[in-house]
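Hi everyone, thanks for coming. Please take a look at the model on the screen, and then I'll walk you through it piece by piece.

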Amino acid sequence: MITTSSFFSSIKMRSCFTILLLFSAIVAVALASSEEDHQVISQVVEIHRLRPQTGSAGYTVPQLDCLSWRLAVETNNLQNWRSVPKECTNYLGHYMMGKQYRHDCEYVAKQAIEYAKSLNLSGDGMDVWVFDIDETTLSNAPYYARSDVAFGAKPYNATKFNEWTAEGKAPAIPSVLGLYKIVLSLGIKPVFITGTRDNFKQVRVANLKKVGYSNWAALILKGENDTGSAVKFKSSKRTALVKAGYRIVGNIGDQWSDLIGKNVGARTFKLPDPMYYIG
(Lines give C-alpha, C1' and ligand atoms only; values in the text may rest on other atoms or scores of the structure.)
Protein backbone atom coordinates (compact mmCIF):
# COMPACT_ATOMS: atom_id res chain seq x y z
CA MET A 1 0.00 0.00 0.00
CA ILE A 2 1.36 3.41 -1.07
CA THR A 3 1.14 6.04 1.65
CA THR A 4 0.52 9.73 0.98
CA SER A 5 4.00 10.69 2.12
CA SER A 6 5.70 8.16 -0.15
CA PHE A 7 3.53 9.30 -3.09
CA PHE A 8 4.60 12.94 -2.71
CA SER A 9 8.22 11.89 -2.16
CA SER A 10 8.08 10.04 -5.46
CA ILE A 11 6.72 13.13 -7.23
CA LYS A 12 9.46 15.31 -5.72
CA MET A 13 12.16 12.86 -6.84
CA ARG A 14 10.79 12.78 -10.37
CA SER A 15 10.59 16.59 -10.49
CA CYS A 16 14.16 16.92 -9.27
CA PHE A 17 15.31 14.34 -11.81
CA THR A 18 13.49 16.17 -14.64
CA ILE A 19 15.00 19.50 -13.64
CA LEU A 20 18.47 17.94 -13.38
CA LEU A 21 18.08 16.29 -16.78
CA LEU A 22 16.97 19.55 -18.37
CA PHE A 23 19.84 21.45 -16.75
CA SER A 24 22.32 18.82 -17.96
CA ALA A 25 20.98 19.09 -21.50
CA ILE A 26 21.35 22.88 -21.46
CA VAL A 27 24.92 22.62 -20.17
CA ALA A 28 25.77 19.99 -22.77
CA VAL A 29 24.43 22.14 -25.60
CA ALA A 30 26.31 25.16 -24.29
CA LEU A 31 29.56 23.23 -24.09
CA ALA A 32 29.13 21.58 -27.47
CA SER A 33 28.03 24.71 -29.28
CA SER A 34 30.60 26.18 -31.62
CA GLU A 35 30.80 29.76 -32.82
CA GLU A 36 28.88 28.66 -35.92
CA ASP A 37 26.06 27.35 -33.72
CA HIS A 38 25.79 30.69 -31.98
CA GLN A 39 25.62 32.40 -35.38
CA VAL A 40 22.81 30.10 -36.43
CA ILE A 41 20.90 30.82 -33.22
CA SER A 42 21.45 34.54 -33.73
CA GLN A 43 20.14 34.30 -37.28
CA VAL A 44 17.05 32.45 -36.11
CA VAL A 45 16.37 35.18 -33.56
CA GLU A 46 16.73 37.80 -36.31
CA ILE A 47 14.42 35.91 -38.67
CA HIS A 48 11.66 35.42 -36.12
CA ARG A 49 11.47 38.93 -34.73
CA LEU A 50 7.87 40.02 -34.36
CA ARG A 51 8.74 43.59 -35.34
CA PRO A 52 11.82 43.71 -37.61
CA GLN A 53 14.19 46.49 -36.64
CA THR A 54 15.21 48.63 -39.60
CA GLY A 55 17.87 50.87 -38.10
CA SER A 56 21.38 49.98 -36.98
CA ALA A 57 20.49 51.44 -33.58
CA GLY A 58 17.55 49.05 -33.26
CA TYR A 59 14.56 51.30 -33.85
CA THR A 60 11.61 50.94 -36.19
CA VAL A 61 10.80 53.37 -38.97
CA PRO A 62 7.10 54.41 -38.96
CA GLN A 63 5.25 53.83 -42.24
CA LEU A 64 8.33 52.33 -43.90
CA ASP A 65 9.93 48.89 -43.70
CA CYS A 66 13.44 49.37 -45.09
CA LEU A 67 13.92 45.62 -45.50
CA SER A 68 10.92 45.51 -47.83
CA TRP A 69 12.12 48.64 -49.60
CA ARG A 70 15.50 47.04 -50.33
CA LEU A 71 13.83 43.85 -51.54
CA ALA A 72 11.72 45.89 -53.97
CA VAL A 73 14.88 47.57 -55.26
CA GLU A 74 16.79 44.32 -55.77
CA THR A 75 13.89 42.61 -57.54
CA ASN A 76 13.42 45.61 -59.84
CA ASN A 77 9.87 46.09 -58.61
CA LEU A 78 10.82 49.62 -57.57
CA GLN A 79 12.11 51.50 -60.60
CA ASN A 80 13.24 55.00 -61.54
CA TRP A 81 13.81 56.04 -57.94
CA ARG A 82 16.16 58.95 -57.36
CA SER A 83 17.48 58.54 -53.84
CA VAL A 84 17.40 56.34 -50.78
CA PRO A 85 14.63 57.27 -48.32
CA LYS A 86 16.22 59.40 -45.60
CA GLU A 87 14.56 57.21 -42.98
CA CYS A 88 16.60 54.26 -44.28
CA THR A 89 20.03 55.91 -44.17
CA ASN A 90 21.14 54.18 -40.96
CA TYR A 91 19.71 50.85 -42.06
CA LEU A 92 21.46 51.05 -45.43
CA GLY A 93 24.75 52.12 -43.91
CA HIS A 94 24.57 49.20 -41.52
CA TYR A 95 23.86 46.84 -44.43
CA MET A 96 26.55 48.14 -46.79
CA MET A 97 29.33 48.38 -44.20
CA GLY A 98 28.36 45.25 -42.29
CA LYS A 99 28.65 41.53 -42.93
CA GLN A 100 25.40 41.04 -44.80
CA TYR A 101 26.36 42.95 -47.96
CA ARG A 102 29.66 41.08 -48.12
CA HIS A 103 27.92 37.74 -47.60
CA ASP A 104 25.33 38.57 -50.28
CA CYS A 105 28.07 39.35 -52.80
CA GLU A 106 29.93 36.19 -51.86
CA TYR A 107 26.84 34.09 -52.42
CA VAL A 108 26.23 35.56 -55.88
CA ALA A 109 29.88 35.05 -56.82
CA LYS A 110 29.75 31.47 -55.58
CA GLN A 111 26.83 30.68 -57.88
CA ALA A 112 28.62 32.35 -60.78
CA ILE A 113 31.79 30.35 -60.14
CA GLU A 114 29.89 27.06 -59.97
CA TYR A 115 28.16 27.92 -63.23
CA ALA A 116 31.43 28.92 -64.94
CA LYS A 117 33.09 25.65 -63.92
CA SER A 118 30.17 23.67 -65.33
CA LEU A 119 30.50 25.12 -68.83
CA ASN A 120 31.70 23.09 -71.80
CA LEU A 121 33.92 25.68 -73.40
CA SER A 122 34.98 25.70 -77.02
CA GLY A 123 38.61 26.53 -76.31
CA ASP A 124 38.81 28.81 -79.35
CA GLY A 125 39.25 31.97 -77.27
CA MET A 126 35.86 33.41 -78.22
CA ASP A 127 34.07 32.80 -74.92
CA VAL A 128 33.76 36.01 -72.89
CA TRP A 129 32.33 37.07 -69.54
CA VAL A 130 30.97 40.61 -69.23
CA PHE A 131 31.74 42.53 -66.02
CA ASP A 132 30.32 45.88 -64.99
CA ILE A 133 32.70 48.09 -62.96
CA ASP A 134 31.00 50.31 -60.35
CA GLU A 135 29.63 48.23 -57.46
CA THR A 136 30.58 45.09 -59.38
CA THR A 137 34.32 44.81 -59.86
CA LEU A 138 35.10 48.00 -57.92
CA SER A 139 33.34 49.35 -54.84
CA ASN A 140 32.44 52.98 -54.27
CA ALA A 141 31.44 52.30 -50.66
CA PRO A 142 34.14 54.66 -49.27
CA TYR A 143 32.55 57.48 -51.28
CA TYR A 144 28.94 56.60 -50.43
CA ALA A 145 29.80 56.35 -46.73
CA ARG A 146 30.65 60.05 -46.65
CA SER A 147 28.27 62.29 -44.73
CA ASP A 148 27.62 64.44 -47.81
CA VAL A 149 26.48 61.35 -49.73
CA ALA A 150 24.84 59.32 -46.94
CA PHE A 151 24.67 56.03 -48.88
CA GLY A 152 22.53 57.62 -51.57
CA ALA A 153 20.11 59.47 -49.28
CA LYS A 154 21.56 62.80 -50.45
CA PRO A 155 20.85 63.91 -54.05
CA TYR A 156 23.37 62.57 -56.57
CA ASN A 157 26.16 65.02 -57.32
CA ALA A 158 27.95 64.17 -60.58
CA THR A 159 30.83 66.57 -59.88
CA LYS A 160 31.62 65.00 -56.52
CA PHE A 161 31.34 61.47 -57.87
CA ASN A 162 33.61 62.26 -60.82
CA GLU A 163 36.17 63.72 -58.42
CA TRP A 164 36.08 60.47 -56.45
CA THR A 165 36.44 58.40 -59.64
CA ALA A 166 39.41 60.51 -60.72
CA GLU A 167 41.23 59.60 -57.50
CA GLY A 168 41.37 55.97 -58.66
CA LYS A 169 41.09 54.65 -55.11
CA ALA A 170 38.07 52.36 -55.42
CA PRO A 171 38.77 48.98 -53.78
CA ALA A 172 37.89 45.67 -55.39
CA ILE A 173 34.85 43.70 -54.31
CA PRO A 174 36.77 40.59 -53.13
CA SER A 175 34.23 37.97 -54.16
CA VAL A 176 33.97 39.36 -57.70
CA LEU A 177 37.75 39.53 -57.97
CA GLY A 178 37.71 35.84 -57.08
CA LEU A 179 35.18 35.16 -59.84
CA TYR A 180 37.34 37.14 -62.29
CA LYS A 181 40.36 34.99 -61.48
CA ILE A 182 38.39 31.77 -61.94
CA VAL A 183 37.03 33.02 -65.26
CA LEU A 184 40.58 33.72 -66.46
CA SER A 185 41.83 30.33 -65.30
CA LEU A 186 39.08 28.60 -67.28
CA GLY A 187 40.10 30.34 -70.50
CA ILE A 188 37.14 32.73 -70.56
CA LYS A 189 38.07 36.27 -71.53
CA PRO A 190 36.82 39.09 -69.26
CA VAL A 191 35.21 42.11 -70.91
CA PHE A 192 34.47 45.26 -68.91
CA ILE A 193 31.52 47.40 -70.02
CA THR A 194 30.94 50.51 -67.92
CA GLY A 195 28.89 53.67 -68.08
CA THR A 196 31.96 55.62 -66.98
CA ARG A 197 32.88 58.28 -69.52
CA ASP A 198 35.82 57.62 -71.84
CA ASN A 199 37.87 60.52 -70.44
CA PHE A 200 38.32 58.45 -67.25
CA LYS A 201 39.82 55.50 -69.15
CA GLN A 202 43.39 55.84 -67.91
CA VAL A 203 42.41 56.25 -64.27
CA ARG A 204 40.04 53.30 -64.54
CA VAL A 205 42.74 51.10 -66.07
CA ALA A 206 45.17 52.06 -63.30
CA ASN A 207 42.56 51.48 -60.60
CA LEU A 208 41.58 48.04 -61.95
CA LYS A 209 45.18 46.90 -62.23
CA LYS A 210 46.07 48.24 -58.79
CA VAL A 211 43.47 46.06 -57.07
CA GLY A 212 44.11 42.88 -59.06
CA TYR A 213 42.28 43.03 -62.41
CA SER A 214 45.25 42.77 -64.72
CA ASN A 215 44.01 41.20 -67.94
CA TRP A 216 40.95 41.58 -70.17
CA ALA A 217 39.85 41.26 -73.77
CA ALA A 218 38.21 44.69 -73.84
CA LEU A 219 37.48 47.67 -71.61
CA ILE A 220 34.50 49.53 -73.04
CA LEU A 221 33.60 52.97 -71.69
CA LYS A 222 30.93 55.46 -72.68
CA GLY A 223 31.99 57.73 -75.55
CA GLU A 224 30.68 61.10 -76.66
CA ASN A 225 28.43 59.49 -79.26
CA ASP A 226 26.91 57.02 -76.78
CA THR A 227 23.56 58.52 -75.86
CA GLY A 228 20.32 57.17 -74.46
CA SER A 229 19.67 54.86 -71.56
CA ALA A 230 22.13 52.52 -69.87
CA VAL A 231 20.14 49.57 -71.25
CA LYS A 232 20.55 50.88 -74.80
CA PHE A 233 24.26 51.60 -74.33
CA LYS A 234 25.15 48.24 -72.82
CA SER A 235 22.94 46.32 -75.25
CA SER A 236 24.71 47.94 -78.21
CA LYS A 237 28.16 47.09 -76.87
CA ARG A 238 27.21 43.47 -76.15
CA THR A 239 25.65 43.20 -79.61
CA ALA A 240 28.92 44.43 -81.13
CA LEU A 241 30.79 41.68 -79.27
CA VAL A 242 28.41 39.02 -80.57
CA LYS A 243 28.69 40.35 -84.14
CA ALA A 244 32.47 40.11 -83.80
CA GLY A 245 32.08 36.39 -83.10
CA TYR A 246 32.32 36.36 -79.32
CA ARG A 247 30.04 34.22 -77.16
CA ILE A 248 28.88 35.88 -73.94
CA VAL A 249 28.78 32.94 -71.53
CA GLY A 250 28.24 35.06 -68.41
CA ASN A 251 27.33 38.58 -67.37
CA ILE A 252 27.50 40.13 -63.89
CA GLY A 253 26.43 43.57 -62.70
CA ASP A 254 24.82 45.48 -59.86
CA GLN A 255 22.10 47.23 -61.91
CA TRP A 256 19.27 45.62 -63.83
CA SER A 257 20.29 47.83 -66.75
CA ASP A 258 23.49 45.73 -66.89
CA LEU A 259 21.50 42.54 -67.30
CA ILE A 260 18.51 43.27 -69.54
CA GLY A 261 18.16 44.26 -73.17
CA LYS A 262 19.83 42.52 -76.10
CA ASN A 263 22.51 39.81 -76.01
CA VAL A 264 22.69 39.68 -72.21
CA GLY A 265 24.59 36.40 -72.32
CA ALA A 266 23.89 32.76 -71.54
CA ARG A 267 23.38 33.58 -67.86
CA THR A 268 23.27 36.74 -65.77
CA PHE A 269 24.12 37.40 -62.11
CA LYS A 270 22.80 40.34 -60.09
CA LEU A 271 24.84 41.82 -57.24
CA PRO A 272 23.08 43.89 -54.56
CA ASP A 273 23.11 47.68 -54.84
CA PRO A 274 20.43 49.60 -52.95
CA MET A 275 22.37 52.90 -53.07
CA TYR A 276 21.34 54.12 -56.51
CA TYR A 277 19.30 53.26 -59.59
CA ILE A 278 20.46 53.43 -63.23
CA GLY A 279 17.79 52.80 -65.84
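Let me begin with a term we'll need straight away: two strands pair if DSSP finds at least two bridges between them. The helices (H or I, at least four residues) and strands (E, at least two) that I'll name are DSSP runs, numbered from the N terminus.

A word on where this comes from. This is a predicted model, in which local features need pLDDT of at least 70 and side-chain atom pairs count only at pLDDT 80 or more, while totals for chains, interfaces and linings use all residues. Residues are numbered from 1 along each chain as its sequence is written, and side-chain values use heavy atoms, with hydrogens and water left out.

Now the overview. The protein has 10 helices and 5 strands. Of its 279 residues, 39% are buried; buried means under 20% relative accessible area, exposed means over 50%, and partly exposed lies in between, using a 1.4 Å probe and protein chains only. Contact here means heavy atoms within 4.5 Å. Among contacts with a separation of 6 or more, 70% are between residues 24 or more positions apart.

Let's go to the sheet. In what order do the 5 strands of the open sheet sit? The order is 3-2-1-4-5, and the pairing is parallel. Strand 3 and strand 5 (268-270) are the edge strands, each pairing on one side only. On average, neighbouring strands are turned by 15° against each other, direction ignored.

We can walk across the sheet from one edge. Strand 3 (residues 218-222) is joined to strand 2 by 4 bridges, and the two run parallel. Here Ile193 stands opposite Ile220 of strand 3. Next, strand 2 (residues 189-197) runs parallel to strand 1 (residues 127-131), again with 4 bridges, and Val130 has Val191 of strand 2 as its bridge partner. Strand 1 then connects to strand 4 through 5 bridges, also in parallel, with Trp129 partnered by Gly250 in strand 4. Finally, 3 bridges link strand 4 (residues 247-253) to strand 5, another parallel pair. Asn251 is matched with Thr268 in strand 5, and Ile252 stands opposite Phe269 there.

Is strand 4 enclosed or open? It is largely enclosed by the rest of the structure, because 6 of its 7 residues are buried.

Helices lie against this sheet, so to speak of their directions I need one more term. Axes are lines fitted to C-alpha atoms, for helices over the stretch in contact, and angles run from 0 to 180 degrees between N-to-C directions. Helix 8 (residues 174-185) lies across strand 1, strand 2 and strand 4, at about 170° to strand 1.

Two helices also pack on each other. Helix 3 (residues 66-74) and helix 4 (residues 89-97) meet at an angle of about 65°, and their axes are 10 Å apart. Which residues make the contact? Helix 3 brings Cys66, Leu67 and Arg70, and helix 4 brings Tyr91, Leu92 and Tyr95. Of these, 5 are nonpolar, none polar and 1 charged, where Ala, Val, Leu, Ile, Met, Phe, Trp, Tyr, Cys and Pro count as nonpolar, Asp, Glu, Lys and Arg as charged, and the others, Gly among them, as polar.

The loop between helix 3 and helix 4 holds Asn76, and Asn80 is found there too. Neither is a glycine, but phi is positive for Asn76, near 65°, and for Asn80, about 55°. Asn76 is buried, because its relative accessible area is 18%, whereas Asn80 counts as exposed at 61%.

I'll finish with two lysines. Lys234 sits in helix 10 (residues 230-243) and counts as buried because its relative accessibility is 5%. What does its side chain make a polar contact with? The partner is the side chain of Asp132, at 2.8 Å. By polar contact I mean a pair of N or O atoms within 3.5 Å; within protein, one must be able to donate a hydrogen and the other to accept it, and residues adjacent in sequence count only if both atoms are side-chain atoms. Leaving aside neighbours within four places in sequence, Lys234 has contacts that include Ile193, Thr194 and Asp258.

Lys210, in helix 9 (residues 201-211), counts as exposed, with 65% relative accessibility. Its C-alpha atom is separated by 9.6 Å from that of Ala170, 40 residues apart along the chain.
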